[in-house]
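This report goes through one protein model, from its open and closed spaces to one helix and one residue. Please look at the structure before reading on.

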Amino acid sequence: MKKLLTILFFLCITQLSYSQTFTQTFVDRCTGEVQVVTADFTTGSAVVSFYNKVRLFTYQQFVNGELQQWLVQQYAWWQALSPCSSATTQSQNAQNAANNATNNTNTGGSSGSGSSGSSGSSGSSGSSGSGSDSSGSSGGSDSGSDSSGSSGEESGGEGGGGSEGSGEGEGSGEGEGSGESEGEGESESEEESTEESKEEEKEEEKKEEDKEEESEEESEEESKEESEEDEEEKKKKEKKMMPIQLKADLMAQQALTLDYNSVLNIGASMSSIYGDVSYTANLQVYDNLKQAGLTLGKSKVTLNNNYQVSWVDAVNVSFMRNYSMNATTVSLSRMKPMGKLGTLGLGINYSYMFGKDALNQKMPNMASGGWNLLYANSFMVTDRINYSPAFIVASNPISYTQKLDGVIDAPFSTISKDTIMILANSFTAQITNSFSVNFSWTVIRSSNPFLPIMNSFMVGSKIPF
């Protein structure tokens, strides 16, 4: 009987020692979720699950603090990779850089093909008729016949005097007649010259009037042409932008915690009629409705004398809301198209994070600067399918964390040598002239072994508006 009681006593003690239950509560500062960790060592060991990590612990490991250490490590891992972390902001910037590289490559290619046509100058060929002016000269020959008078008989005495008197009379008559004829001729010539001068003056006045009328008509025509040109320029200015293109994409984007999020991506793009300037806007909304982002961009294409694309300069401004944390990013990039050899590019970016945690406590503001190198190309697989790969190497070597009372006593800066490598594969199928379907697969890997490999898949369509 004593042996039986002793055995029952030891069984109760053992059961009491192994029936201890461990419970600990963690509050996520990013999402506000409450994580309750429970470990029941009734059977001598317990399976503990915390932030998608599962591990088996013995009661001895619980006693010596190994379980508590693992929980703290997992919590630090989550905080470093949570949506509110700087690593998530950097990965989102890398994803945006890959999308911008693909879009700018397509923009540069379309602009180069669209503007490579020869500019024809329309010349007006006027038919000049050569008119031969034939002046007909009517020449009249004046034939004067000198008739010699019959010889008069000579008579002496009075007959001779009479003949002299008659001769004087004839001489005086001839002189008067000739003088009168000369005076009349001069007066007639003067009258004719005055009449001719008057006629010439009238003709000159008429010519001047005609010239004035012609100049007035020409000025009116020029003013009409100028007004028409102004109207045409106004119409061109009104129609200088192409129709807006809308696209809707559905993404399955993997986070740093290896969880997939469904993201709705709605974008709009518009380019000029010459294709030298393009504007883009993209809105991302996550399935949890607690993460959203907006990106605005402008790209400028520079052409050379041969109407080939020399450079593609782009400016992008983005705002990302991750739960209660905010991140703004400004990025500048310059790309050099090289024809069939692809496109090389260099970009720089600046990010600034600010906000509060789920407990409404202010988080320390952090600023970071980075750079990225990219290579992109575009291939026509078939007549309707286009493949656009892009490879990007990005880094954020410098970050600065501001002072926060009660949390960070003094501001500090950190330098990182880690790089992020992105491989983006984009496929576009042109179903009709105005409707296309696109699919992309992006892989993101960091040189930091602490960060996992991430994948994102996207399928969507694009239609003109």
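In this predicted model, the second largest pocket holds about 920 Å³ of space. Its lining is made up of 41 residues, and those closest to its centre are S85, S86, A87, Q90 and M366. The elements that give two or more residues to this lining are α3, α4, β12, β14, β15 (412-415) and β17 (436-446). Of these, β14 gives the most, with six residues.

The model also has closed spaces. Three cavities of 30 Å³ or more are counted, and the largest of them has a volume of about 300 Å³. Of the 25 residues that line the largest cavity, N93, N96, A97, S331 and N372 are the closest to its centre. At least two lining residues come from each of α4 (86-115), β9 (309-322), β10 (325-337), β11 (343-355), β12 (366-376) and β14 (385-401). Here α4 gives the most, with eight residues.

The table sets the two spaces side by side.

| Space | Volume | Lining residues | Element giving the most |
|---|---|---|---|
| Second largest pocket | about 920 Å³ | 41 residues | β14, six residues |
| Largest cavity | about 300 Å³ | 25 residues | α4, eight residues |

Helix α3, which helps to line the second largest pocket, covers residues 66-81. How far apart should the ends of its 16 residues be? At 1.5 Å a residue, the helix should span 22 Å, and the 23 Å between its end C-alpha atoms agrees with this. The buried residues of α3 are L67, W70, L71, Q74, Y75, W77, W78 and L81. Seen down the axis of α3, the buried residues fall within an arc of 155°, so they line one face of the helix.

T295 is found in strand β8, which runs over residues 291-303. Is T295 buried or exposed? Its relative accessibility is 13%, and buried means under 20%, so T295 counts as buried. Apart from neighbours within four places in sequence, T295 is in contact with N96, T280, A281, N282, N316, V317 and S318. One of these, N96, is also among the residues closest to the centre of the largest cavity.

Some totals describe the whole protein. It has five helices and 18 strands, and 30% of its 465 residues count as buried. The protein exposes about 30300 Å², of which carbon and sulfur atoms supply 54%. Among contacts between residues at least 6 apart in sequence, 50% join residues at least 24 apart.

Methods: Residues numbered from 1 in each chain as written. Predicted model: local features only at pLDDT ≥ 70, side-chain atom pairs only at ≥ 80, totals over all residues. Heavy atoms only, no water. Helix = DSSP H or I, 4+ residues; strand = E, 2+ residues; numbered from the N terminus. Expected span 1.5 Å × (residues − 1). Buried < 20%, exposed > 50% of the residue type's maximum accessible area, 1.4 Å probe, protein only. Arc of directions from axis to C-beta. Contact = heavy atoms within 4.5 Å. Areas by Shrake-Rupley, 256 points an atom, 1.4 Å probe, with all protein chains shown as cover. 1 Å grid on protein atoms, 1.4 Å probe; cavity = no way out; pocket = protein on both sides within 12 Å on 5 of 7 lines; lining within 4 Å. Points joined across faces, edges and corners; volume = space filled by probe spheres on them.
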